[in-house]
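User: Hello! I am new to this structure and would like to get to know it step by step. Could you take my questions one at a time?

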Amino acid sequence: MARMSAFHRLVTKYQRDVDFLIIYIEEAHPSDGWVTTDSPYSIPQHRSLEDRVSAAQVLQQGAPSCSLVLDTMANSSSSAYGAYFERLYVIQNGTIMYQGGRGPDGYQVSELRTWLEITMHSA
C-alpha cells in the first residue's frame, strides 16, 4: 500500500506533464497460489481475461487517477519489459528513457521521482 501511495503522489504531482499508465500483469501473489500475508487484496490466479478484468477493477479502486490497461493472458507486456512483479518505466517517443529495477526490491518510486525532477527542470 505504501508503494501505491507514493506512486499516487507522483501521479498527482506530474499528471499535467506526464501521461501515466498502469499495465496490470499476472497476479504476483494469487490467493490460490503463492500467498503473501501483507497483500491488501485476495485475488485468485487469472485463468481468463475476464478474471484479469475483475481483478483490475479491484486494483483500480485504490489506484491513482491514471489509465489502467491489462496485459494479455500470454503476459506479452510483462515478458517484453521484464515487469514481473512490478516495474517503473518512462517511455518517450517509443524509446525507453528510464527503466527502474524489478520489484519488489527494485521498485523505487523515489528514484523515478528524482529522475522526473531532474528531467523536468532541465527541459
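User: Thanks for showing it. Where does D105 lie?

Analyst: Happy to help, and please keep in mind that this is a predicted model. Two elements frame the residue, namely strand 4 (95–99) and helix 4. D105 sits in the loop between strand 4 and helix 4.

User: Is D105 buried or exposed?

Analyst: The cut-off for exposed is a relative accessible area over 50%. D105 has 68% relative accessibility, so D105 counts as exposed.

User: How far is D105 from T12 in space?

Analyst: Along the chain, D105 and T12 are 93 residues apart. In space, their C-alpha atoms are separated by 23 Å.

User: Let us move on to helix 4. How far does helix 4 reach from its first C-alpha to its last?

Analyst: Helix 4 covers residues 109–122, which makes 14 residues. At 1.5 Å a residue, a span of 20 Å is expected. The model comes close to that, with a reach of 20 Å.

User: Which residues of helix 4 are buried, and within what arc do they fall?

Analyst: The buried residues of helix 4 are V109, L112 and L116. In an α-helix there are 3.6 residues a turn, so residues three or four places apart point the same way. Seen down the axis of helix 4, the buried residues line one face, because they fall within an arc of 60°.

User: Which exposed residues does the face turned away from the buried side of helix 4 carry?

Analyst: The buried side of helix 4 holds V109, L112 and L116. The face turned away from that side carries exposed residues, and these are I118, H121 and S122.

User: Now the aromatic rings, please. How many aromatic pairs are there, and how is the pair of F7 and F20 arranged?

Analyst: The count comes to three aromatic pairs. In one of them, the ring centres of F7 and F20 are 5.8 Å apart and the planes stand at 85°. Planes over 60 degrees apart count as edge-to-face. The pair of F7 and F20 is therefore edge-to-face.

User: How many residues apart in sequence are the parts that F7 and F20 tie together?

Analyst: F7 belongs to helix 1 (residues 2–14), while F20 is in the loop between helix 1 and strand 1 (21–24). Both F7 and F20 are buried. Since the two rings sit in these separate parts, their pair ties together parts 13 residues apart in sequence.

User: What kind of pair do Y81 and Y89 form?

Analyst: The centres of the Y81 and Y89 rings are 5.1 Å apart, with 70° between the planes. Y81 itself is partly exposed, at a relative accessible area of 30%. As for the kind of pair, Y81 and Y89 are edge-to-face.

User: Back to F20. Which residues is F20 in contact with, leaving aside neighbours within four places in sequence?

Analyst: F20 counts as buried because its relative accessibility is 12%. Its C-alpha is 8.9 Å from that of L68, though F20 and L68 are 48 residues apart in sequence. With neighbours within four places left aside, the contacts of F20 are F7, L10, V11, Y14, Q15, C66 and S67.

User: What does S78 touch, not counting residues up to four places away in sequence?

Analyst: S78 lies in helix 3 (residues 76–81). With 7% relative accessibility, S78 counts as buried. Residues up to four places away aside, S78 touches I25, D71, A83 and Y84.

User: What is the phi of N75, and what is the phi of N93?

Analyst: Most residues other than glycine have a negative phi. N75 is in the loop between strand 2 (67–70) and helix 3, and N75 is buried at 13% relative accessibility. N93 lies in the loop between strand 3 (89–92) and strand 4, and N93 is exposed at 78%. Neither is a glycine, yet phi is positive: about 60° for N75 and about 50° for N93.

User: Finally, what is the radius of gyration of the chain?

Analyst: The chain has four helices and four strands, running α-β-α-β-α-β-β-α from the N terminus on. For 123 residues the globule rule gives 14 Å, and the chain comes close to that, so the chain is as compact as a globular protein of that length. Its radius of gyration is 15 Å.

Notes: Residues are numbered from 1 along each chain as its sequence is written. This is a predicted model: local features need pLDDT of at least 70, side-chain atom pairs count only at pLDDT 80 or more; totals for chains, interfaces and linings use all residues. Side-chain values use heavy atoms; hydrogens and water are left out. Rings of Phe, Tyr and Trp (its six-membered ring) pair if their centres lie within 6.5 Å; planes under 30 degrees apart count as stacked, over 60 as edge-to-face and the rest as tilted. Buried means under 20% relative accessible area, exposed over 50%, partly exposed in between (1.4 Å probe, protein chains only). Contact means heavy atoms within 4.5 Å. The expected span of a helix is 1.5 Å times one less than its number of residues. The arc is that of the directions from the helix axis to the C-beta atoms. The radius of gyration is taken over C-alpha atoms; the globule rule is 2.2 Å times the number of residues to the power 0.38.
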